[in-house]
Amino acid sequence: MTVCRGCCCGTASGFDHAGQLTHLRKAVADVAVVRVSGCLDTCAHANVIVVQPSSAGRRAGGRPVWLGLVNDTDAADDIAA
């Protein structure tokens, strides 16, 4: 899982970006690694999370999914689940 924290993705006021990152890391610790990237150049959809399939998932046809505007805890919980 890659979480954009460059430019606008990590700076919107009123949202705990560091808290979301900590929450995601704990929620997926047994199944995934959460990486932080610089700007992914998708600023129209700030707070982007990219979920990449495992090697086995790719062999089975899985592809990365880009999710934008992940600006609340419920959305992050759904992604982690």
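**Loops, a helix pair and a strand in a predicted model**

A polar contact of 3.3 Å links the side chain of N71 to the side chain of N47, and I would like to start from this pair, in what I should say at once is a predicted model.

Let me take N47 to begin with. N47 sits in the loop that runs between β2, residues 35-37, and β3, residues 49-51. Is N47 buried or exposed? Its relative accessibility is 1%, and because the cut-off for buried is under 20%, N47 counts as buried. Besides the contact with N71, the side chain of N47 makes a polar contact of 2.5 Å with the side chain of R5. If we set aside residues up to four places away in sequence, the residues that N47 touches are C4, R5, C9, F15, H17, Q20, L67, G68, L69, V70 and N71, and you may want to have that list on the screen while I go on to the partner.

N71 belongs to the loop between β4, residues 65-67, and α3. With a relative accessible area of 37%, N71 is partly exposed, whereas N47, as I said, is buried. Again leaving out residues up to four places away in sequence, N71 touches F15, A46 and N47, and F15 also appears among the residues touched by N47. As for its position relative to β3, the C-alpha atoms of N71 and V50 lie 14 Å apart in space, with their places 21 residues apart in the sequence.

In the loop that holds N71 there is also L69, and what is the phi of L69 near? The value is near 60 degrees, which is positive in a residue other than glycine. L69 is one of the residues that N47 touches. A comparable entry comes from the loop between β2 and β3, where D41 lies: D41 is not a glycine, and yet its phi is positive, at about 60 degrees. D41 counts as exposed, at 67% relative accessibility, although N47, in the loop between β2 and β3 as well, counts as buried.

I turn now to D16, which is found in the loop between β1, residues 2-4, and α1, residues 17-27. At 52% relative accessibility D16 counts as exposed, and because the cut-off for exposed is over 50%, the label rests on that figure of 52%. Which backbone nitrogens lie by the side chain of D16? The backbone nitrogen of G19 is 2.8 Å from a polar atom of that side chain, and the backbone nitrogen of A18 is 3.5 Å from a polar atom of the side chain of D16. Computed along the chain in residues, D16 and L67 are 51 apart, and their C-alpha atoms are 18 Å apart in space.

From D16 we pass to α1 itself and its packing with α3. The axes of α1 and α3, the latter being residues 73-80, come within 10 Å and cross at roughly 25 degrees. That angle makes α1 roughly parallel to α3, and the crossing by which α1 passes α3 is right-handed. On the α1 side the residues that meet the other helix are Q20, H23, L24 and A27, and on the α3 side they are A76, D77 and A80. The residues of this contact divide into four nonpolar, two polar and one charged. Q20 ties back to where I began, for it is also among the residues that N47 touches.

Two further residues deserve a moment. S37 lies in strand β2, and at 18% relative accessibility it counts as buried. Not counting residues up to four places away in sequence, S37 touches T2, V3, C4, R5 and G6.

Q52, finally, is in the loop between β3 and α2, residues 55-59, and at 29% relative accessibility it counts as partly exposed. Apart from neighbours within four places in sequence, Q52 is in contact with M1, T2, R35 and P64. Two of these involve polar atoms of its side chain: the backbone nitrogen of M1 lies 3.2 Å from one such atom, and the side chain of R35 makes a polar contact of 3.4 Å with the side chain of Q52. The C-alpha atoms of Q52 and V65 are separated by 6.6 Å, with the two residues 13 apart along the chain.

Note on methods
Residues are numbered from 1 along each chain as its sequence is written. This is a predicted model: local features need pLDDT of at least 70, side-chain atom pairs count only at pLDDT 80 or more; totals for chains, interfaces and linings use all residues. Side-chain values use heavy atoms; hydrogens and water are left out. Helices (H or I, at least four residues) and strands (E, at least two) are DSSP runs, numbered from the N terminus. Buried means under 20% relative accessible area, exposed over 50%, partly exposed in between (1.4 Å probe, protein chains only). A polar contact is a pair of N or O atoms within 3.5 Å; within protein, one must be able to donate a hydrogen and the other to accept it, and residues adjacent in sequence count only if both atoms are side-chain atoms. Contact means heavy atoms within 4.5 Å. Axes are lines fitted to C-alpha atoms, for helices over the stretch in contact, and angles run from 0 to 180 degrees between N-to-C directions. Angles under 35 degrees count as roughly parallel, over 145 as roughly antiparallel, 65 to 115 as roughly perpendicular and the rest as oblique. A crossing is left-handed if the near helix is turned anticlockwise from the far one by less than a right angle, and right-handed if clockwise. Ala, Val, Leu, Ile, Met, Phe, Trp, Tyr, Cys and Pro count as nonpolar, Asp, Glu, Lys and Arg as charged, and the others, Gly among them, as polar.
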